[in-house]
Amino acid sequence: MRKPLFVAAVVLVVLATALTVSFARTRSITQPTSFRVIEHANTDVYTDTGKKGDSQGDLLTWYNPIYDDTNTTKIGHDQGDCIRVSTSKGSWECRWLTSIKGRGQIMVEGAFFDTKDSTLAVTGGTGEFDNARGTMMLSALNDQGTAYNFDFQLLP
C-alpha cells in the first residue's frame, strides 16, 4: 500500500517541477523583440590612468537611471565600465548591465565611440531576458553626451 502512494507522490513532484520550469521559461524571449530605453548619463566618473589627460587605458564607470521610450518614467538603471582604447579613433571598449524593473537585466559589450553611434552585442540577460542575444544600438540624444537611446534588437 505504501509503494503506490510513494510512486504517486514522486509523479506529482515531477509534474509540479515540470510545470514550474515551463511557466518560469515563458517569460523568456520567444520571438524577435525590439524596444527603446533612454539613459540619463548623470553619474559618469572618468578616471585618468597613466599618461595625464585623455589617453589609452583611462577608465569610465557609471550607475545611471534608465527611462522609458517617452523619456518620462524611470524604469531602472544601468551600470558599467569602459576602458579607453584609442583617442585618435575616439573609441572605448565597454560592458554594462541595463536593469529594467520587473523585467530583468540585459548585458551588453562592445565599442563605444565619442562622436558616432555604436552597435554593441547583447551577451545575455536575466528574468524576461534570460535567453536573449542580439544587438543594442546606442545613439546620443544631445551634443552634451548626457542622454542616450538604447535600441535593443533581441533574439531568442
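These are my notebook entries on what I looked up in this structure, which is a predicted model.

**Overall make-up**

I began with the secondary structure, which comes to one helix and nine strands. Reading from the N terminus, I found the elements in the order α-β-β-β-β-β-β-β-β-β. I then looked up burial and noted that 35% of the 156 residues count as buried. For the accessible surface I wrote down about 9400 Å², with 59% of it belonging to carbon and sulfur atoms. I also checked the contacts between residues at least 6 apart in sequence, and among these 41% join residues at least 24 apart.

**Strand E1 and its partners**

Next I asked which strands pair with E1, and in what sense. Strand E1, residues 33-40, pairs with strand E9, residues 147-155, in the antiparallel sense over eight bridges. Within this pairing I located threonine 33, whose bridge partner in E9 is leucine 154. E1 also pairs with strand E3, residues 59-67, again in the antiparallel sense, over two bridges. Here I noted glutamate 39, which stands opposite isoleucine 66 of E3.

**The disulfide**

I looked for disulfides and the count came to one. It is formed by cysteine 82 and cysteine 94, whose sulfur atoms are 2.0 Å apart. Since cysteine 82 lies in strand E4 (residues 74-86) and cysteine 94 in strand E5 (residues 91-100), the pair ties together parts that are 12 residues apart in sequence. The torsion about the S-S bond is about 110°, so I entered this disulfide as right-handed. Are the two cysteines buried or exposed? Cysteine 82 has a relative accessible area of 3% and cysteine 94 one of 2%; because buried means under 20%, I recorded cysteine 82 as buried and cysteine 94 as buried too.

**Threonine 98**

Staying with strand E5, I turned to threonine 98, which is found in that strand. Its relative accessible area is 0%, so threonine 98 is buried. Which residues is threonine 98 in contact with, once its neighbours within four places in sequence are left aside? I listed Val37, Ile66, His77, Asp78, Gly104, Gln105, Ile106, Phe150 and Phe152.

**Salt bridges**

My last search was for salt bridges, and the count came to five. Side chains of opposite charge can pair when their charged atoms come close.

Arginine 36 forms one with aspartate 151, the closest N and O atoms being 2.6 Å apart. This pair links distant parts of the chain, with arginine 36 in strand E1 and aspartate 151 in strand E9, 115 residues apart. I noted arginine 36 as partly exposed at 34% relative accessibility, whereas aspartate 151, at 16%, counts as buried.

Arginine 95 forms a salt bridge with aspartate 81, with 3.2 Å between the closest N and O atoms. Because arginine 95 lies in strand E5 and aspartate 81 in strand E4, the pair ties together parts that are 14 residues apart in sequence. Arginine 95 is partly exposed at 44%, and aspartate 81 is partly exposed at 29%.

The side chains of arginine 103 and glutamate 128 also meet in a salt bridge, at 2.6 Å from N to O. I placed arginine 103 in the loop between E5 and strand E6 (104-113) and glutamate 128 in the loop between strand E7 (118-125) and strand E8 (133-140), 25 residues apart. Arginine 103 is partly exposed, at 27%, while glutamate 128 counts as buried at 18%. Finally, I noted that salt bridges sharing partners join Asp54, Arg84 and Asp114 into one network.

How values were computed:
Residues are numbered from 1 along each chain as its sequence is written. This is a predicted model: local features need pLDDT of at least 70, side-chain atom pairs count only at pLDDT 80 or more; totals for chains, interfaces and linings use all residues. Side-chain values use heavy atoms; hydrogens and water are left out. Two strands pair if DSSP finds at least two bridges between them. Helices (H or I, at least four residues) and strands (E, at least two) are DSSP runs, numbered from the N terminus. A disulfide is a pair of cysteine sulfur atoms within 2.5 Å. Buried means under 20% relative accessible area, exposed over 50%, partly exposed in between (1.4 Å probe, protein chains only). Contact means heavy atoms within 4.5 Å. Accessible areas come from the Shrake-Rupley method with a 1.4 Å probe; for residues, only the protein chains shown count as cover. A salt bridge is a side-chain nitrogen of Lys or Arg within 4 Å of a carboxyl oxygen of Asp or Glu.
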